[in-house]
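User: I would like a close look at one part of this model, with its surroundings for context. Please keep the cut-offs explicit.

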Amino acid sequence: MNKINLKDSQNFITSKKHINDILSQTNIGKNDTVIEIGSGKGHFTRELVKICHFLTAVEIDTKLVSMMQRSIKRSENIQVVHADILKYRFSKGNQPYKIFGNIPYNISTKIIKKIVFESAAAYCFLIVEAGFAKRLTDYRRTLGLFLFPEVDIKVLRRIPRDYFHPKPKVDSVLIRLRRKESGIHSSDRDLYQYFVYKLVNKEYDKLFTKNQFKKTLKHTGVTNINCLTGEQALSMFHSYKLFLN
């Protein structure tokens, strides 16, 4: 756990003004329990504890954890957890919570999947690379289709690269993931993933007969198979399930 991959190192936002401007775009409030992904040097952490009820700051770097623990000795509404977020066990109990994080670009996909499929957070607010945010709602890609039945994704604001230290080569955005009632039963998740892979790879013959495919497109209102909405793809999956029975 003590070894940090340099590729996973973060770009920090240090300006208190910029941090508060970003946090003002979230709905985190005084009654909320929050999990922060990657507390780093504590720039967001110190502001989050002021606006939420209780904060759990998860950090993988041993030195940064020690630094944070020393700096928050007098704070009663925070705990610092030394852990890899990809191995962290999110609570799935009745206590509601939200997630906030300025996450490393190169493991963003893994973190998003971890949050969506292993946490029970109603809202997640993440700072991600701008191009990555676009891919999250691109339904020509597997990731966009995997996420669509579980969360609504919205870009809340652009974050210029000049806000960060060190300065990255690309701009970032703050996104909101809002959990919704899942369009996929938990027992169908593996089947849905299989369906998505075949759909994205245009292996329609592995999913439908020619007649079934024609009926499915008509039923779901698809006029261009190369330009599906999330709703259409999900409806196609439910048709696929019916044909299996």
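Which residue forms a salt bridge with Asp 152, and how many Å apart are the closest N and O atoms? Please start there and work outward.

Analyst: Asp 152 pairs with Arg 178 in a salt bridge, and the closest N and O atoms are 3.5 Å apart. A salt bridge here is a side-chain nitrogen of Lys or Arg within 4 Å of a carboxyl oxygen of Asp or Glu. The pair links distant parts of the chain: Asp 152 sits in strand 7 (residues 151-159), Arg 178 in strand 9 (residues 172-179), 26 residues apart. Strands are DSSP runs of E with at least two residues, helices are runs of H or I with at least four, and both are numbered from the N terminus.

Both partners are partly exposed. Asp 152 has a relative accessible area of 27%, and Arg 178 has 33%. The classes are buried (under 20% relative accessible area), exposed (over 50%) and partly exposed in between, with a 1.4 Å probe and protein chains only.

A word on the basis. The model is predicted, local features need pLDDT of at least 70, side-chain atom pairs count only at pLDDT 80 or more, and totals for chains, interfaces and linings use all residues. Residues are numbered from 1 along each chain as its sequence is written, and side-chain values use heavy atoms, with hydrogens and water left out.

Next, a second bridge. Asp 171 forms a salt bridge with Arg 161, with the closest N and O atoms 3.0 Å apart. This pair also links distant parts of the chain. Asp 171 is in the loop between strand 8 (164-165) and strand 9, Arg 161 is in the loop between strand 7 and strand 8, and their positions lie 10 residues apart in the count along the chain. Asp 171 is buried at 17% relative accessible area, whereas Arg 161 is partly exposed at 30%.

A third bridge joins Arg 141 to Asp 138, the closest N and O atoms being 3.4 Å apart. Here Asp 138 is buried, with a relative accessible area of 13%. Arg 141 is partly exposed, at 42%. Asp 138 and Arg 141 belong to a salt-bridge network that also takes in Arg 140. The structure as a whole holds 15 salt bridges.

Now the domains. The assignment gives domain 1 (6-179) and domain 2 (188-244); such bounds come from an automatic or database domain assignment. Their C-alpha centres lie 33 Å apart. The contact takes 10 residues from domain 1 and 14 residues from domain 2, where contact means heavy atoms within 4.5 Å. Together the two domains bury about 1100 Å², 74% of it on carbon and sulfur atoms. Buried area is the accessible area (1.4 Å probe) that two parts lose on being put together, summed over both. Leu 145, Phe 146 and Phe 148 supply 49% of the area that domain 1 buries against domain 2, more than any other three residues. Across this interface the rule finds 0 salt bridges.

The strand 8 region leads to an annotated position. UniProt, in an unreviewed entry, lists Asn 11, Ile 13, Gly 38, Glu 59, Asp 84 and Asn 102 under "binding site". These positions use the numbering given here, feature names are shortened, and annotations may be inferred rather than shown by experiment. Asn 11 lies in the segment before strand 1 (12-13). Asn 11 is buried at 18%. Leaving out residues up to four places away in sequence, Asn 11 touches Asn 102, Tyr 105, Phe 164, His 165, Pro 166, Lys 167 and Pro 168.

Gly 38 is another listed position. Gly 38 lies in the loop between strand 2 (33-37) and helix 2 (43-51). Gly 38 is buried, also with 18% relative accessibility. With the sequence neighbours up to four places away left out, Gly 38 touches Gln 10, Val 58 and Glu 59.

Strand 2 also holds Thr 33. Thr 33 counts as buried at 16%. The C-alpha atoms of Thr 33 and Phe 54, 21 residues apart along the chain, are separated by 4.8 Å. Beyond four places in sequence, the contacts of Thr 33 include His 53, Phe 54 and Gln 95.
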